[in-house]
Amino acid sequence: MSTKHLSPEVLNERRLEAVRLRLDGHTVAQTAARAGLSAPTVSAAWKAFREGGWTAVPVRPRGRKTGQGGTLDVAAQQVLCARLTMTPDSGEPAWSSRGLADALSEVGHPVSARAIDHWLEARDLKPEPLALTALARQRSSAGRWYRQQVQPVLEAVRKAGGGVWQGGVRVTGTRSEPASVWPRYQLYLHGKRGVLHTRCLWAPPAAGEYMALFQRLHDLLPDRPTALVFQGAYFQASPEIRRWLEAHPDFYLINVPPGHGTGSTF
Amino acid sequence: MTALTHLQKLEAESIHIMREVVAETENPVMLYSVGKDSAVMLHLARKAFAPAPPPFPLLHVDTRWKFRAMYTFRDNMAREMGMDLLVHINPEGVEKDINPFTHGSAIHTDVMKTEGLKQALNQYGFDAAFGGARRDEEKSRAKERVFSFRTAQHRWDPKNQRPELWKLYNTRKHKGESIRVFPLSNWTELDIWQYIYLQDIPIVPLYYAAERPVVERDGALIMVDDDRMPLKPGEVPMMRKVRFRTLGCYPLTGAIESQADTLPAIIQEMLLTRTSERQGRVIDHDSAASMEKKKQEGYF
């Protein structure tokens, strides 16, 4: 039985259980079957116990410890913060980790997209996309909303070769700095394969900022339709956005109703 | 015999006050603002006079700017309770289209609430009015007696209040005078929530956290409840998970960000909070001691 899929915590519990079973007189085969481990793993755990006692049984934690990886220096972080409040020049709807890494490299701060990903995550700037497809079979108001209002639009847009995006606006509030030193509002989008594009703002986004974002999404595939499932804004109250949507009939803006989109899952 | 819990003691005290008022006055009324305190007060009134309905009507001094959910709840409650619900709107305020945006919170409150209340009390000739105010809400309410006497012009004199030793209430009044009675004076916000939870009292859903469209105004989160809310050019309200600790006119009532969408969660939140619920009321910040001034002029 393969143990590669197990987390270190579960694996360690099973290894300890395997040693206890072996001490009780079970054979390797019996122990492997009862503990849900392979025979070589049982033998390895047993050998580790005989050589080093109980403390030697658990496996070492995988990967690098938190904080041991390369971190962004203060100067790079300042550039990153400044960039996040701007609109990218590349035509991207908002900043991706790759786009930010390239922008920082251009000004003499070479960092990887992965490092930026970690930095965003540490600062609570990496929201998860909505689990939309999980709604297809749900018997709930959220499920009905998805099947009746979202699924048909997304299927039609995909069929026409258009772009499908998810996004939202939110207040990021877990940071220790006061609101005056860090922009509290985050606009974010999830594109293909859930790639995050984000921007930070000092004030709640105004209609002009939303429309600029929609226009950028629209311009990515100008001759094809675009669908955006968006949460966190009350567009119904904005006549400017209503007018923009009327002028762009091939842009489908789907508002996530209250209560359907809180958090990353429904 | 087991001792009463603190909530049972508060309940008994409130019921005693209500019965005292009904026994001692001629034409009492219960002010019903549709909030949680009104809900508790109404529940206590029903208990106090059960199995008969409470021997007084409900009076809602409407400003036309309450939350839509409050109007729906008010009408449903009145229908279910089988009590008379009197709704009074100051006709002069309607004529002049007094509203919190163009006239400001102070004028709006004075015309639509204070004057509206005085008009309604005069019109129906009520000599005692139950209110759901509590001492822990605001400092001027803290020093007001349970039986708060008002002159014929409905003015309150904080320096001329009657002692209420051993919970003995002197209800004698001069001709034209009236009494505002606060049966929930000694309750705290936490007591109210615990009582609502224990007695399963229905309340307006706005008290529970949910995603609602809000805009920021002077640091307060104001819910965009209808099309009358003027937005700044290009402003788009954000959907945020908020709830209200207190309910009034929607443009003057600030929401708080909260995840408390059940009564136990609200109670847990109350245990940790160190601010008054009235921090969310814009009218309380109009000027120093603004509540006391309003009360002296006749505000409830």
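Two residues are said to be in contact when heavy atoms of theirs lie within 4.5 Å. With that meaning in mind, this briefing looks at a predicted model, and it begins with the interior around B:Met18, which ranks among the residues with the most contacts inside the largest nonpolar core. It then turns to the loops of chain B, where a cis peptide bond joins B:Ala50 and B:Pro51 and where B:Trp166 takes part in a nonpolar patch on the surface.

**The nonpolar cores**

- The largest nonpolar core holds 64 residues, and B:Met18, B:Met30, B:Val40, B:Phe147, B:Trp187 and B:Trp193 are the members with the most contacts inside it.
- Helix α2 of chain B, which covers residues 36–49, supplies the largest share of this core, namely 8 residues.
- Both domain 1 (6–192) and domain 2 (203–284) of chain B contribute to this core, with at least three residues coming from each.
- When neighbours within four places in sequence are left aside, the contacts of B:Met18 are B:Met30, B:Met41, B:Leu44, B:Ala45, B:Ala48, B:Phe49, B:Phe130 and B:Pro183.
- A second core, separate from the one just described, has 23 residues, and A:Trp165, A:Val169, A:Ala233 and A:Trp244 are among them.

**The loops on either side of β2**

- The peptide bond between B:Ala50 and B:Pro51 is cis, with an omega of about 10°, and B:Pro51 itself belongs to the loop that runs between α2 and β2 (58–62) of chain B.
- B:Arg64 sits in the loop between β2 and α3 (68–81) of chain B, and its phi is near 75°, which is a positive value in a residue other than glycine.
- Because its relative accessible area is 23%, and partly exposed residues fall between the limits of 20% and 50%, B:Arg64 is described as partly exposed.

**The loop between β5 and β6**

- Both B:Trp166 and B:Leu168 are found in the loop between β5 and β6 of chain B, where β5 spans residues 147–150 and β6 spans residues 178–181.
- Although B:Trp166 is not a glycine, its phi is positive, at about 50°.
- B:Trp166 counts as exposed because its relative accessibility is 76%, and the limit for that description is over 50%.
- B:Leu168 is likewise exposed, since its relative accessible area reaches 57%.
- Together with B:Leu165, the residues B:Trp166 and B:Leu168 make up a nonpolar patch on the surface, and the three have about 430 Å² of accessible area together.

Key: Residues are numbered from 1 along each chain as its sequence is written. Chains are lettered from A and ligands numbered from 1 in the order in which they are written. This is a predicted model: local features need pLDDT of at least 70, side-chain atom pairs count only at pLDDT 80 or more; totals for chains, interfaces and linings use all residues. Side-chain values use heavy atoms; hydrogens and water are left out. Patches are made of residues with over 30% relative accessible area and no salt bridge: like charges are joined within 9 Å, nonpolar side chains (Val, Leu, Ile, Met, Phe, Trp, Tyr) within 5 Å. Accessible areas come from the Shrake-Rupley method with a 1.4 Å probe; for residues, only the protein chains shown count as cover. A salt bridge is a side-chain nitrogen of Lys or Arg within 4 Å of a carboxyl oxygen of Asp or Glu. Helices (H or I, at least four residues) and strands (E, at least two) are DSSP runs, numbered from the N terminus. Buried means under 20% relative accessible area, exposed over 50%, partly exposed in between (1.4 Å probe, protein chains only). A nonpolar core is a set of buried Ala, Val, Leu, Ile, Met, Phe, Trp, Tyr and Cys residues joined through side-chain atoms within 4.5 Å. Domain bounds come from an automatic or database domain assignment.
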